[in-house]
Structures are given as C-alpha cells and as structure tokens.
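Trainee: I should be grateful for a close look at the interior of this protein, with its aromatic pairs and its enclosed space.

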Amino acid sequence: MSEEIEAALRRSLEREKKARHFAEELLEERSEALRLAYEQLRNAEEQEFFDVLAQMPCAVIMAHDGGEIVLANPAASELLGYADEMALVGQNWLTMIVDDARPSDAEEQALEAAVLVRQANGRIAAVQIIIGSTAFLGRPVRIVILHDISEQRRLHQQLH
C-alpha cells in the first residue's frame, strides 16, 4: 500500500509542478503584455506631446541645466534661423544670447526677460524669454520659451 501512496504523491507533485510551471509562464506572458502595452501608451503620450509642441506658435526649447538643447520645436528653429529643430539639438542656447543682454541668473531660476539672441545667420533678434524648470523623461530640464519682439521694438523706436 505504501507504494500506491508514494505513486499517488509523485503524481500529485508532478501535477503541482506542471501547474506551477504553467502559472509562471502565464504570469511571464501577462507581464510582457502589460510592459508592451505600457510602452505603447507611453510612446503614444510622448508622440502627442511632440505633436502639440510642433503646433505651438511660440519657440520652445528644452535644455539641460548647462544649456545643451535636448528638444526644440519648429518655431524655435525658425526664430533662431536653423534648418530644422534637429539642428538645434546639442547646441547651447545660453551661447545664443548676446552677452550684454544675457540675464545674469538665466541658469539658476525661473525668469522672464527681454533679451537679444544671435540667430544662425549672425543676425540679432529681440525676444521675450521665459525660463522655467521641470522634469522630462525623468531628468531635470529647463523649458525656454522665446517670443520674437523685434518688430515691436522697431515700432516702439519709431514712435520715439
């Protein structure tokens, strides 16, 4: 009788082992499916963000604290005279500000100021600049919003 009990126990353990293996495989499949779904959702959200950024009429730049541009929209490349927004990636936006117009604390805190920027072709443009800080994809960044005020300055000077 003990042989029958041992055989029954072995069959029971084998079924339990198969069930555990099946459950682990199922869990792995579901985990992978959830990871892929999350990644697709994140990519869709990022794409929506990029689409919104591309449609914005004002120039928007995202940069690391040191000034290196990591993202720019088409309005930024147009305002700064670059072929496209990818040409701005890797550039340092702080070096585009004409030295005597550079806000002294542009790197340290959020601010709003009128400054002069040097475009890619060497021309100088007057811009209203708003700088803020946030996180993007888990890293701290500066958001720099630029609005061309050259025409307003020209008209203002004509009035005087």
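Mentor: What follows describes the aromatic residues, then the nonpolar cores and the cavity. Please keep in mind that this is a predicted model.

A search of the whole structure finds three aromatic pairs. In one of them, F49 and F136 have ring centres 5.4 Å apart and planes at 35 degrees, so the pair is tilted. F49 belongs to helix α1 (residues 2-55) and F136 to strand β4 (residues 124-136), so this pair ties together parts that are 87 residues apart in sequence. The two partners can also be described by their accessibility. F49 has a relative accessibility of 31% and counts as partly exposed, whereas F136 is buried, with a relative accessible area of 19%. The cut-off matters here, because buried means under 20% relative accessible area.

F136 also forms an aromatic pair with F50. This pair is edge-to-face, with 6.4 Å from centre to centre and 75 degrees between the planes. Since F50 lies in helix α1 and F136 in strand β4, the pair ties together parts that are 86 residues apart in sequence. F50 counts as partly exposed, at 29% relative accessibility. Taken together, F49, F50 and F136 form one aromatic cluster.

We may now turn to the nonpolar cores. In soluble globular proteins, nonpolar side chains tend to be buried together. In this model, the largest nonpolar core has 23 residues, of which I61, W93, I129 and L146 touch the most other members. At least two residues of this core come from each of β1 (59-63), β2 (69-72), α2 (74-80), β3 (111-118), β4 and β5 (139-148). L146 may serve as an example of the contacts: leaving aside its neighbours within four places in sequence, L146 is in contact with C58, A59, I61, L79, L80, V127, Q128 and I129. There is also a second, separate core of seven residues, which includes L53, M62, F136 and V141. F136 is thus a member of the aromatic cluster and of this second core.

Finally, let us consider the enclosed space. Rolling a probe the size of a water molecule over the atoms shows where empty space is left. The structure holds one cavity of 30 Å³ or more, and the largest cavity has a volume of about 40 Å³. Its lining consists of I61, L80, W93, M96, I97, V117, I129, V144 and L146. These lining residues divide into nine nonpolar, no polar and no charged. I61, W93, I129 and L146 appear in this lining, and they are also the residues that touch the most other members of the largest nonpolar core.

Definitions and conventions:
Residues are numbered from 1 along each chain as its sequence is written. This is a predicted model: local features need pLDDT of at least 70, side-chain atom pairs count only at pLDDT 80 or more; totals for chains, interfaces and linings use all residues. Side-chain values use heavy atoms; hydrogens and water are left out. Rings of Phe, Tyr and Trp (its six-membered ring) pair if their centres lie within 6.5 Å; planes under 30 degrees apart count as stacked, over 60 as edge-to-face and the rest as tilted. Helices (H or I, at least four residues) and strands (E, at least two) are DSSP runs, numbered from the N terminus. Buried means under 20% relative accessible area, exposed over 50%, partly exposed in between (1.4 Å probe, protein chains only). On a 1 Å grid over the protein atoms alone, a cavity is a set of points where a 1.4 Å probe fits but cannot get out, and a pocket is an open set with protein on both sides within 12 Å along at least five of seven lines; lining residues have an atom within 4 Å of a point. Grid points are joined across faces, edges and corners, and a volume is the space filled by probe spheres set on the points. Ala, Val, Leu, Ile, Met, Phe, Trp, Tyr, Cys and Pro count as nonpolar, Asp, Glu, Lys and Arg as charged, and the others, Gly among them, as polar. A nonpolar core is a set of buried Ala, Val, Leu, Ile, Met, Phe, Trp, Tyr and Cys residues joined through side-chain atoms within 4.5 Å. Contact means heavy atoms within 4.5 Å.
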